[in-house]
Amino acid sequence: MQTKYDITIIGGGILGTSIAYFLSFIFQSKKILVVEQENNVGFHTSSRNTGKVHAPYLYNPEKKKIFAKAAFLGFEMWETFAHRHDLLFKKDGVIEVSSDEKGTKVLEKYYDWGLKNGLNENDIYFLSGNEIKKNEPEIECKNAIFCNRDGSVDYGSFTNTLMTESKKNGIEFLFESKVKQIDKNGNGWKIKLNNEKMILTDFIINSAGGNSIDIAHEMNIGEKFTDVHFRGEYWKAPKEYHKLTKSSVYSVPDFPDYPFLDPHWIIRVDGTCEIGPNAVPIFSPYGYNKMENIKEFIPKILEMLGSGARKTIFDKQFQELALNEIQSSLSKNAMVERVRKFLPKINPEKFVQKGTAGIRSSVIDSNGKFVPDVILEYDSNSFHILNYNSPGATGALPFSIYLINMMIDKGLISNQMDNDICGEWKFSEIIEKLGI
Ligand SMILES: Cc1cc2nc3c(=O)[nH]c(=O)nc-3n(C[C@H](O)[C@H](O)[C@H](O)COP(=O)(O)OP(=O)(O)OC[C@H]3O[C@@H](n4cnc5c(N)ncnc54)[C@H](O)[C@@H]3O)c2cc1C
């Protein structure tokens, strides 16, 4: 007899595992499975990122209300989770700098958004270049925001702990199992895996990160969207630079409508420092190396030419920005120079080791525009989370509660909850704090 699951989550990244964690409390009697193609959770973007618990000042409180709220709540939820499970959580703050008047105007907007998104005047400060120098003498800038409610963590270990806790509550995890094909099976689904195994399930949650668009398309969902992948590369700073600043330093992005942020100065949770990430266009959500990109080059180009992405690749500004990113991938000096603008002391010669690259998959609509927000698509038996990008790891816990609440509200999954208490939190309290 083949086991049938009530809910199958495709993708054991930080999002899929967070959803599994909360479902494990509220639906104790249901059979729930997480299916993951790799041999562990958090294998891809969820452990290949900057490791910041981002303060919510970057997000427009009107247009990105839930993401901003999730980032705000994410900070206190991860802090609690880390203390409870003995994981590292360093509240080391962040600095965002401007180099000219135009950037300062953006900083003023960020400061205002930060306050609107829940930060208070003891969390976030607007400073002149001279004021920031008193505390951070190596930083050169026109103005800066300093936010102390920002932290450094290792999201890979957080995802692993979420899995351990979910398993204790009966969630099953199936590894080395890539979803290859999904077919209707009565009111549910038949999922075919790479290893010839078959899964029967009533409901699918698609949280497959860089593959989520392909899985949605397989189920005839989200067909007007396509995606483009960008590899974010890092360089490790030598030990002599590890005390150069007390906080990580970001600079105001020149082109916020594109997924090209200037590389940052990063302090990792273990105290080491890196610069990055850039955003190099590549051809696969797993295009860490040349071989994988060569293999996916033709299919991806054909897919792009047949979709809205066609307009994007012929867009002049996109081409210029993409070339700049490719340049900073080919030349270490070009990459370091982008950080030297606000941290002139660093010397490119001293960066000799690459960090771990991570891949961001950004969704493009039929007009060739990058979609700025997460996309949620569903039908009666499936729910799809597409374009779940930064600060996705920061907001993963509260955002999972938001998603589960939405699935219940829309009648997609049962409203018979076994439990309101989920680990350290009450489901209903988080919903209230999210303001939905
Ligand atoms: C360079 C970079 C830096 C970032 N820095 C930060 C940061 O500092 N702070 C922050 O909050 N956010 C950051 N982010 C964003 C954050 O890391 C992501 O939003 C988050 O990790 C996405 O999690 P996920 O679970 O949706 O995706 P993923 O981690 O990609 O997980 C999806 C999973 O699905 C699996 N999967 C895919 N297809 C299949 C299939 N067919 N069958 C079975 N399994 C499948 C994959 O193997 C993968 O494990 C960063 C992102 C990047 C790229």
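Below, terms used for this predicted model are set against their cut-offs.

Me: What makes a local feature or a side-chain atom pair count in this predicted model?
Reply: Local features need pLDDT of at least 70 and side-chain atom pairs pLDDT 80 or more, while totals for chains, interfaces and linings use all residues. Residues are numbered from 1 along each chain as its sequence is written.

Me: Why is helix 11 called largely enclosed by the rest of the structure?
Reply: A residue is buried if 20 or more other C-beta atoms, placed from the backbone, lie within 10 Å of its own, exposed if 12 or fewer, and partly exposed in between. In helix 11, 10 of the 14 residues are buried, so the helix is largely enclosed. Among them are Leu397, Phe399, Ile404 and Met407. The buried residues of helix 11 pack against helix 1, helix 2, strand 21 and helix 12.

Me: What makes 396-409 a helix, and how does its span agree with the expected one?
Reply: Helices are DSSP runs of H or I with at least four residues, strands are runs of E with at least two, and both are numbered from the N terminus. The expected span is 1.5 Å times one less than the number of residues. For the 14 residues of helix 11 that gives 20 Å, and the end C-alpha atoms are 20 Å apart, so the two agree.

Me: Why are helix 11 and helix 12 called roughly perpendicular?
Reply: Angles under 35 degrees count as roughly parallel, over 145 as roughly antiparallel, 65 to 115 as roughly perpendicular and the rest as oblique. Angles run from 0 to 180 degrees between N-to-C directions, with axes fitted to C-alpha atoms over the stretch in contact. Helix 11 and helix 12 pack at about 100 degrees with their axes 10 Å apart, and they are therefore roughly perpendicular.

Me: Which residues of helix 11 and helix 12 make the contact?
Reply: Contact requires C-beta atoms, placed from the backbone, within 7 Å. Pro398, Ile401, Tyr402 and Asn405 of helix 11 meet Phe427, Ile430, Ile431 and Leu434 of helix 12.

Me: Is Asp86 buried or exposed, and what is the count behind that?
Reply: Asp86 has 7 other C-beta atoms within 10 Å and is therefore exposed. Asp86 lies in the loop between helix 2 and strand 4, and its phi is positive, near 60 degrees, in a residue other than glycine.

Me: Is Glu176 buried or exposed?
Reply: Glu176 has 12 other C-beta atoms within 10 Å, so it is exposed. Glu176 also has a positive phi, of about 50 degrees, and is found in the loop between strand 8 and strand 9.

Key: Two residues are in contact if their C-beta atoms, placed from the backbone, lie within 7 Å.
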